[in-house]
Amino acid sequence: MSFNWNRKLLKYHAASALRPDANTALLQGLAKAALDTRAGRANDRHNVPVFLQYAVGVNFALNLNRLETVLELGSGYSSLLWGTLAPEGTRIFSVDGKPVDAYDIREPLLAVAHRVRFVTGPTLTREQYRAFYDSRTRTEFLGLPVAALRAHLGPFVRPQGRSFYAATLGLPEEPGALARAVDGQLFRGDGLRCLSTLLPERWKADEEFCAAQGPTALDGVLAEADSFDAVFYDCGEFSTLPEWTLTSQRIRPGGLAILHDVHFPKSVKSFLLCAMLAASPEWDVLYHDTTTPQGLCIARRR
């Protein structure tokens with residue numbers, strides 16, 4: 001299978017101000033990821049569009065006036081890009097419940113382990129997880145009125161075929177009908193329903209990945225790093241929102257929040273968070289990538 005990398009890179013260059021050496025850098029990253037651009041494994045070929053999205057996020061970070069400390073919540077292909085492309089001396093923390101040895105790309109991950117500190121363990125305790133998803137219908141969400149979030153939700157609700165969440169909630173596929181159905185499911189009057197009440201079984205399943213008690217793997221990183229130039233959010237389906245409450249205040253002014261899986265009903269990870277960022281006076285949404293079902297969003301703290 002062949003890929004027209006120049007055409008793809010030109011598209012991303014126009015949208016994300018990639019560095020002049022982005023072509024070489026991306027191909028080096030692909031090599032690190034054991035992706036053969038001519039005859040890669042089927043799974044690798046499937047991941048190439050997502051990998052390119054990760055590259056956009058990393059290149060935004062590379063264009064910051066400084067990139068000294070990075071936090072990644074959810075290891076994997078993105079770790080290879082941070083470890084390959086970040087300037088020498090950048091501290092890179094990658095937190096995931098799964099050890100590096102358990103990844104099918106463990107060899108390239110181990111090859112960047114001298115640059116990326118892989119921290120294995122839960123990011124949340126069960127108490128933190130339950131406290132965030134307390135079943136209440138909220139009139140405020142992450143410090144903003146729910147009405148403001150509701151007004152900015154549209155771009156992050158996108159038809160995805162019969163995804164798990166669409167099937168579970170009985171959502172239609174036609175864009176207009178989907179938007180109306182999602183609005184009807186999520187909101188009660190001026191309030192936002194808790195996701196744990198909408199998807200209780202899936203929420204309960206994710207609780208199993210939380211620690212019975214602290215300190216967590218994330219606690220250890222937060223004890224060591226006072227602030228971050230960029231935080232990449234790509235961890236568990238229901239963990240991203242409470243992780244945001246623990247980490248977002250550590251993102252420095254001018255720093256970046258990079259979020260993957262931002263489209264609902266493909267995922268519940270970050271679509272509400274992205275709508276909040278779009279509505280917030282404290283953040284500027286710089287980029288919203290819709291080239292994959294998962295999507296990517298990048299915001300800068302003012």
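In this predicted model, the second largest pocket is lined by 13 residues. Those nearest its centre are L142, W244, Q249, M276 and E282. The volume of this second largest pocket comes to about 210 Å³. Sorted by class, its lining consists of six nonpolar, five polar and two charged residues.

One of the residues nearest the centre of that pocket, W244, also belongs to helix α13, where W244 is buried. Helix α13 spans residues 240–247, and because six of its eight residues are buried, the helix is largely enclosed by the rest of the structure. Alongside W244, the buried members of α13 are T240, L241, P242, E243 and T247.

Helix α13 leads on to the enclosed spaces of the model. Two cavities of 30 Å³ or more are present in the structure, and the largest cavity has a volume of about 80 Å³. L241, already met as a buried residue of α13, is among the residues that line the largest cavity. The rest of that lining is made up of F132, Y133, R138, F141, L192, R193, C194, L195 and L272. In terms of class, eight of the lining residues are nonpolar, none is polar and two are charged.

R138, from the lining of the largest cavity, also takes part in a salt bridge, its side chain meeting that of D134 with a distance of 3.7 Å from N to O. How exposed are the two partners? R138 is buried, at 12% relative accessible area, while D134 is partly exposed, at 29%.

The pair is one example from a wider set, since a search of the whole structure finds 14 salt bridges. In general terms, side chains of opposite charge can pair when their charged atoms come close. Helix α11, which covers residues 200–207, offers two further examples. In one of them, the side chains of D206 and R202 meet in a salt bridge of 2.2 Å, N to O. These two residues lie four places apart in α11, so about one helical turn separates them. D206 is buried, with a relative accessible area of 10%, whereas R202 is partly exposed at 26%.

The other example in α11 joins the side chains of K204 and E207, with 2.8 Å between N and O. Here the spacing is three residues, so K204 and E207 are again about one helical turn apart. The reason such spacings suit a pairing along a helix is a matter of geometry: an α-helix has 3.6 residues a turn, so residues three or four places apart point the same way. K204 is partly exposed, with a relative accessibility of 43%, and E207 is buried at 1%. Beyond these pairs, salt bridges also link R66, E68, D229 and R252 in a network.

Helix α11 has a part in the largest pocket as well. This pocket holds about 970 Å³ of space. It is lined by 39 residues, and those closest to its centre are D96, D234, C235, G236 and K269. Which elements give two or more residues to this lining? They are α3 (42–62), α4 (77–85) and α11. Of the whole lining, the largest share comes from α3, with six residues. By class, the lining of the largest pocket contains 13 nonpolar, 15 polar and eleven charged residues.

C235, one of the residues closest to the centre of the largest pocket, brings up the cysteines. A disulfide is a covalent bond between the sulfur atoms of two cysteines. How many disulfides does the structure hold? The count is zero. Why is C235 not bonded to another cysteine? The closest cysteine sulfur, in C210, lies 9.7 Å from the sulfur of C235, which is too far for a bond. C235 is buried, with 18% relative accessibility.

C297 is likewise in no disulfide, its nearest cysteine sulfur being that of C274, 3.9 Å away. That distance can be set against the cut-off used here, by which a disulfide requires two cysteine sulfur atoms within 2.5 Å. C297 is buried, at 0% relative accessible area.

Technical notes:
Residues are numbered from 1 along each chain as its sequence is written. This is a predicted model: local features need pLDDT of at least 70, side-chain atom pairs count only at pLDDT 80 or more; totals for chains, interfaces and linings use all residues. Side-chain values use heavy atoms; hydrogens and water are left out. A salt bridge is a side-chain nitrogen of Lys or Arg within 4 Å of a carboxyl oxygen of Asp or Glu. Buried means under 20% relative accessible area, exposed over 50%, partly exposed in between (1.4 Å probe, protein chains only). On a 1 Å grid over the protein atoms alone, a cavity is a set of points where a 1.4 Å probe fits but cannot get out, and a pocket is an open set with protein on both sides within 12 Å along at least five of seven lines; lining residues have an atom within 4 Å of a point. Grid points are joined across faces, edges and corners, and a volume is the space filled by probe spheres set on the points. Ala, Val, Leu, Ile, Met, Phe, Trp, Tyr, Cys and Pro count as nonpolar, Asp, Glu, Lys and Arg as charged, and the others, Gly among them, as polar.
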